[in-house]
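Please open the model in a viewer with side chains displayed as sticks. The tour below proceeds selection by selection.

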Amino acid sequence: MNVTSQAFEPLVDHITVRVAPDDYLEDYRQTIKTYTKTAQLPGFRPGMVPRSLIEKRFGVGILAEQINKRVGEALSDFLKEQNISFIGRPYLINGAFDGLEPSAAKEYDFVFELGREPGFTVNLEALGSVPDYQVTIEDADIEKAITRLQYQHGKQ
């Protein structure tokens with residue numbers, strides 16, 4: 001799995017995740033094997049559905065699921081390793097599953113847009129002094145607030 005980052009705008013990066021067949025094929029085969037043992041399709045005894053039928057009916061979905069899982073893990077690991085502070089979630093901008101075919105294993109590229117957290121500092125010493133206010137509360141103010149709250153909330 002190959003993950004690269006490229007600056008796109010001052011606070012926006014494009015992260016490309018390249019998934020090779022070695023990254024997803026073994027999991028795909030294991031999932032197909034599990035499906036053949038547990039699938040219940042009309043005309044077949046439970047667990048006796050041919051592998052070719054499972055691949056024909058569910059192969060593309062299973063493959064997409066395995067690739068999506070690997071891409072998510074690779075992206076998450078990359079962000080943790082690089083210690084990138086970001087805003088929101090990475091947004092997939094390029095990487096469709098068009099032409100996904102289990103029998104033709106190939107590399108897939110997924111490009112994510114990531115908003116970086118801006119780094120800035122605030123110099124509070126430049127503000128000067130801040131006025132310190134003394135607030136006093138009298139019993140009449142407390143009674144007035146209690147009466148207002150009782151009126152607002154009724155019988156609660």
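The model is predicted. Begin by selecting Q66, which is located in helix α2, spanning residues 51-82. Is Q66 buried or exposed? Q66 has a relative accessible area of 6% and is therefore buried, the threshold for that class being under 20%. Add T31 to the selection: the side chains of Q66 and T31 make a polar contact at 3.1 Å.

Remain on helix α2 and select R51. Its relative accessibility of 36% places R51 in the partly exposed class. Which residue forms a salt bridge with R51? The partner is E55, with the closest N and O atoms 3.3 Å apart. Both R51 and E55 belong to helix α2 and are 4 residues apart, about one turn of the helix. E55 is partly exposed as well, at 29% relative accessible area. For a distance check, select the C-alpha atoms of R51 and Y91: 40 residues apart along the chain, they are separated by 35 Å.

Next, select R70 and E73, another salt-bridged pair, whose closest N and O atoms are 3.1 Å apart. Here the spacing in helix α2 is 3 residues, about one helical turn. R70 is partly exposed with a relative accessible area of 23%, and E73 is partly exposed at 33%.

A further network can be displayed by selecting R18, E107 and D109, which are joined by salt bridges that share partners. Within this group, focus on E107 and R18, whose side chains meet in a salt bridge of 3.6 Å, N to O. Why does this pair tie together separate parts of the sequence? E107 lies in the loop between β3 (86-94) and β4, whereas R18 lies in strand β2 (residues 12-19), so the bridge links parts that are 89 residues apart in sequence. Both ends are partly exposed: E107 has a relative accessible area of 48%, and R18 has 35%. In total, the structure holds 6 salt bridges.

Finally, turn to the surface and select E138, D139, D141 and E143. What do these residues form? They gather in a patch of negative charge on the surface. Within the patch, centre the view on E138, which is situated in the loop between β4 (108-116) and α3 (139-153). E138 is exposed, because its relative accessible area of 53% exceeds the cut-off of 50%.

Key. Residues are numbered from 1 along each chain as its sequence is written. This is a predicted model: local features need pLDDT of at least 70, side-chain atom pairs count only at pLDDT 80 or more; totals for chains, interfaces and linings use all residues. Side-chain values use heavy atoms; hydrogens and water are left out. Patches are made of residues with over 30% relative accessible area and no salt bridge: like charges are joined within 9 Å, nonpolar side chains (Val, Leu, Ile, Met, Phe, Trp, Tyr) within 5 Å. Accessible areas come from the Shrake-Rupley method with a 1.4 Å probe; for residues, only the protein chains shown count as cover. A salt bridge is a side-chain nitrogen of Lys or Arg within 4 Å of a carboxyl oxygen of Asp or Glu. Lys and Arg count as positive and Asp and Glu as negative; His and the chain ends are not counted. The place of a charge is taken as NZ of Lys, CZ of Arg, CG of Asp or CD of Glu. Helices (H or I, at least four residues) and strands (E, at least two) are DSSP runs, numbered from the N terminus. Buried means under 20% relative accessible area, exposed over 50%, partly exposed in between (1.4 Å probe, protein chains only). A polar contact is a pair of N or O atoms within 3.5 Å; within protein, one must be able to donate a hydrogen and the other to accept it, and residues adjacent in sequence count only if both atoms are side-chain atoms.
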